[in-house]
Amino acid sequence: MAYWTKAHRPKNHKKSTINKPTGQCGRILGGRIVDLGIGQKMGKKTTKPKAYTLGLLPHSDEALLVLVLVLSACALFSTIAIAKINPIAQHWRWQLPPTFPTPVVPADNPLTIAKVELGRYLFYDKRLSIDGRSSCGSCHIQALAFSDGRANAIGTTGESHSKNTPSLANVVYVPTLNWANPAVVSLETQLLTPLFGEHPIELGLTDQHFAKIQMDFANDDKYPALFAKAFGRHYQKPQDFTIQDIAQAIASFERTIVSTDSKYDQYLAGKAILNESEKRGMQLFFSEKAECFHCHGSINFNEQLKYFDGKKVQISGVHFHNTGLYNLGDGDYPQDGQGVFEFSQKPMDKGKFKAPSLRNVALTAPYNHDGSVATLEQVLQNYVQGGRIIADGKYAGDGRKNPHKSDLITQINLSPQEQADIIAFLNTLSDEMLINNPNYADPFQ
Amino acid sequence: MRGNHIFSAIKFSVAMVSLWAMTAQAHTQQQTKQLHVEQDSQTISPQVPTHTATYQKTITKTHSTPISLRFNAIAQNSDGKMSVVNCHDHYWLGNPKSQAKIADLRFYISNVHILTKDGKKVPLNLQENDHQQSDVALIDLENGEENCAERGNGDTNAVLQGVLQGKYRQSDLVGVAFEVAVPTAKNHSLFSAVDTPLNVQAMSWAWLSGRKFMKIEIAPKDKVHNLSDDTYAPLYNVHIGRTACTGEPATGEIACANDNRIAVNLQDPNWYKKTIVLDLNALFAQSDIRQNQTGAVGCMSAPNDTDCVGIFDTTGLTGNAQQIFSLAMVNDGVLDKSPSPKKPQKKHHK
């Protein structure tokens with residue numbers, strides 16, 4: 001991923017004080033105000049990795065200094081009523097249970113409340129599609145934990161996607177995006193594919209259509225002010241509304257979509273009680289018997305995790321697995337669904353996909369990368385068997401015998417009760433706060 | 001001639017490759033127009049030397065030789081002639097030949113070298129302008145009109161401008177070598193965050209965190225039959241770029257197993273009088289553009305896309321020599337197949 005360097009900063013982009021981590025009058029300090037940088041830059045001039053910078057920490061001397069500065073600023077602003085654009089950005093404050101690690105945010109795109117709010121508008125703005133009919137939110141629906149309930153996503157022009165829409169909950173912790181794309185490691189890059197991608201068409205934007213959107217935004221009631229607040233400069237001309245700003249704002253909003261308040265989380269915090277079936281399911285889930293935890297054992301119930309451990313950025317579990325979902329001969333999966341193999345062309349990568357997060361899994365049916373498994377019970381059944389058996393049709397084959405299947409996928413001896421217990425436990429991972437939080441809701445409704 | 005030609009700059013031009021030092025020798029009226037047009041389109045254009053001696057005096061001082069390389073794309077038109085393509089007409093393309101219009105036609109050029117008589121490759125430093133950084137240029141042979149309106153843009157650029165360090169005579173130089181590619185260090189930058197010509201959204205390839213080196217899209221008259229799902233798509237696409245890429249999540253660095261840089265090496269004793277011609281018939285020589293066998297419609301460089309087999313062969317990505325670029329004379333928008341370059345009609349003197 002490439003972030004701005006001095007050499008590459010767009011000419012129309014002025015450096016802004018808004019990105020500096022300061023508090024705002026009245027509401028400052030305390031809590032976890034953390035700005036983490038992971039900005040590895042492109043190009044010769046920037047081969048030196050940027051240091052990870054902690055912004056404000058509640059008990060540091062730096063914080064005291066900033067407190068003094070901010071109080072002075074407050075005094076200044078109360079006496080001199082100027083500043084068309086508020087130069088002081090209020091940094092995002094994570095509200096996470098202690099069981100969750102600190103998320104990583106690129107240094108070039110620090111989270112601010114104003115940017116997240118702008119990103120929420122853009123995420124739900126249907127003008128960001130070629131026919132004005134869809135937005136990011138059309139396929140990432142809050143009530144469904146930001147998935148869409150379809151087997152395969154449908155683009156704004158009706159084109160069917162080969163993949164099932166993944167949930168966006170806790171995407172801030174995910175190191176590689178998409179189902180099996182080792183090449184996309186930043187949200188700012190990822191979101192360009194649904195916006196502009198041609199195969200398949202998702203939102204279907206083109207350069208020429210984007211110019212019309214910029215005109216629209218410049219004449220919008222809200223956007224000039226929302227952009228100005230988010231990025232600390234004036235927005236008047238259509239070309240002021242850049243893709244870079246839009247991408248940074250949407251990525252910022254997506255990073256804040258966290259799911260941390262499921263019944264399971266409440267149980268960990270001592271605020272809820274799991275029933276006997278859920279408890280047995282939990283124990284099975286994390287046992288060597290059911291083996292679920294090998295690929296779904298992180299705090300996010302997936303394998304791939306990116307977080308800040310207090311000293312540095314940690315990346316763990318960047319793996320992809322073949323779970324024996326298909327075997328069309330030679331270990332093949334259906335076309336357009338061959339997993340990492342589509343990128344690497346190595347046979348060993350056939351059918352390899354990311355283990356998705358199981359948080360809110362009861363809300364995100366149907367399942368697997370292509371939505372080809374309708375229910376959680378069937379998903380579990382496939383794992384109990386050690387792969388999926390498709391008796392007839394064009395995808396007939398014994399997935400259990402896929403030569404590229406992960407060695408972690410073997411037959412598991414689970415009684416019907418045990419399977420029901422695991423499902424009961426998975427149901428405790430649904431998060432009512434996530435799907436009802438007004439901060440994530442469509443502002444156009 | 002129709003007013004809808006893609007490259008108005010090319011309408012007049014005889015020579016795509018013009019070594020400024022030598023233009024005085026064959027200073028036809030047409031070439032005068034060519035230079036005039038380039039000034040109009042804000043490309044950097046040195047003063048037109050009135051005769052060779054004056055110019056050589058200049059380069060003795062600066063020890064550099066400005067060179068411009070002109071690109072054309074040609075295809076077989078409805079009259080059967082190999083003609084410079086535009087966004088309006090149908091061309092006979094593919095195997096078997098079928099009619100198609102151009103929808104987009106852009107590519108990046110980097111690693112440009114001028115070849116000398118004694119076998120050396122001298123790097124050509126590109127001049128920084130709206131279409132060039134020192135090491136990469138975008139050649140844009142569509143004008144965003146008519147059939148190119150949806151995929152293309154209004155910008156055009158057919159001429160690569162560079163400077164060769166040192167003194168060279170025309171007879172010292174025998175050809176040009178370049179790659180259709182973006183330098184690896186710049187390929188994976190986010191288009192929205194960098195300078196021209198790498199800031200073109202259409203050339204970005206977000207799903208691989210990189211760029212399309214070459215984006216050629218054609219609209220077959222009867223659409224493209226997608227055999228895998230029995231649907232019809234409007235465009236047959238050729239997107240060439242690095243594939244099999246892996247990102248390092250902590251740093252964002254991208255590494256790719258398949259570079260897919262199209263290497264071009266063109267030599268001709270009269271190279272400086274010719275244009276660099278991209279032959280779309282050669283590109284699609286093995287492709288049935290009426291149908292798509294697997295994956296993305298056309299060839300988007302996926303290693304397992306069978307529609308890429310022919311494209312990878314003609315572009316030389318499977319190890320053989322590329323067959324799509326050549327040096328040739330183009331007169332009045334049509335390929336001049338005569339073996340020797342057309343003689344200047346009349347020298348212009350003051």
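A residue counts as buried when its relative accessible area is under 20%. The model on display is predicted, and this tour visits its disulfides, two unpaired cysteines and one pair of helices.

**First stop: a disulfide between two strands**

Select B:C245 and B:C256. Both cysteines are buried, and they form a disulfide whose sulfur atoms lie 2.2 Å apart. Rotate the view to look along the S-S bond: the torsion there is about 100°, so this disulfide is right-handed. The pair links distant parts of the chain, with B:C245 in strand β17 (residues 243-247) of chain B and B:C256 in strand β18 (residues 254-258) of chain B, 11 residues apart.

**Second stop: a disulfide between two loops**

Next, select B:C87 and B:C148. A disulfide joins them, with 2.0 Å between the sulfur atoms. The angle about the S-S bond is -95°, and the link is left-handed. Colouring the neighbouring strands helps here: B:C87 lies in the loop between β3 (82-84) and β4 (91-93) of chain B, and B:C148 in the loop between β8 (136-140) and β9 (159-165) of chain B, so the pair ties together parts that are 61 residues apart in sequence. B:C87 and B:C148 are buried.

**Third stop: B:C299 and B:C308**

Move on to B:C299 and B:C308, a disulfide with its sulfur atoms 2.1 Å apart. Its S-S torsion is about 100°, so the link is right-handed. Both B:C299 and B:C308 are buried. Over all chains, the count of disulfides comes to three. With the bonded cysteines of chain B numbered in sequence order, they pair as 1-2, 3-4, 5-6.

**Fourth stop: cysteines without a partner**

Turn to chain A and select A:C136, which is in no disulfide; the nearest cysteine sulfur belongs to A:C139, 9.2 Å away. A:C136 has 15% relative accessibility and therefore counts as buried. Then select A:C295. Its sulfur is 9.7 Å from the closest cysteine sulfur, that of A:C292, which is too far for a bond. At 13% relative accessibility, A:C295 also counts as buried.

**Final stop: two crossing helices**

Display helix α10 (residues 276-285) and helix α14 (residues 416-427) of chain A. How do α10(A) and α14(A) lie relative to each other, parallel or perpendicular? They pack at an angle of about 95°, with their axes 7 Å apart, and are therefore roughly perpendicular. To see the contact, show the side chains of residues including A:M282, A:L284 and A:F285 in α10(A), and A:I422, A:F425 and A:L426 in α14(A). The residues of this contact divide into eight nonpolar, three polar and four charged.

How values were computed
Residues numbered from 1 in each chain as written. Chains lettered and ligands numbered in written order. Predicted model: local features only at pLDDT ≥ 70, side-chain atom pairs only at ≥ 80, totals over all residues. Heavy atoms only, no water. Axes fitted to C-alpha atoms, helices over the stretch in contact; angles between N-to-C directions. Helix = DSSP H or I, 4+ residues; strand = E, 2+ residues; numbered from the N terminus. Parallel < 35°, antiparallel > 145°, perpendicular 65-115°, else oblique. Contact = heavy atoms within 4.5 Å. Nonpolar A, V, L, I, M, F, W, Y, C, P; charged D, E, K, R; others polar. Disulfide = S-S within 2.5 Å. Buried < 20%, exposed > 50% of the residue type's maximum accessible area, 1.4 Å probe, protein only.
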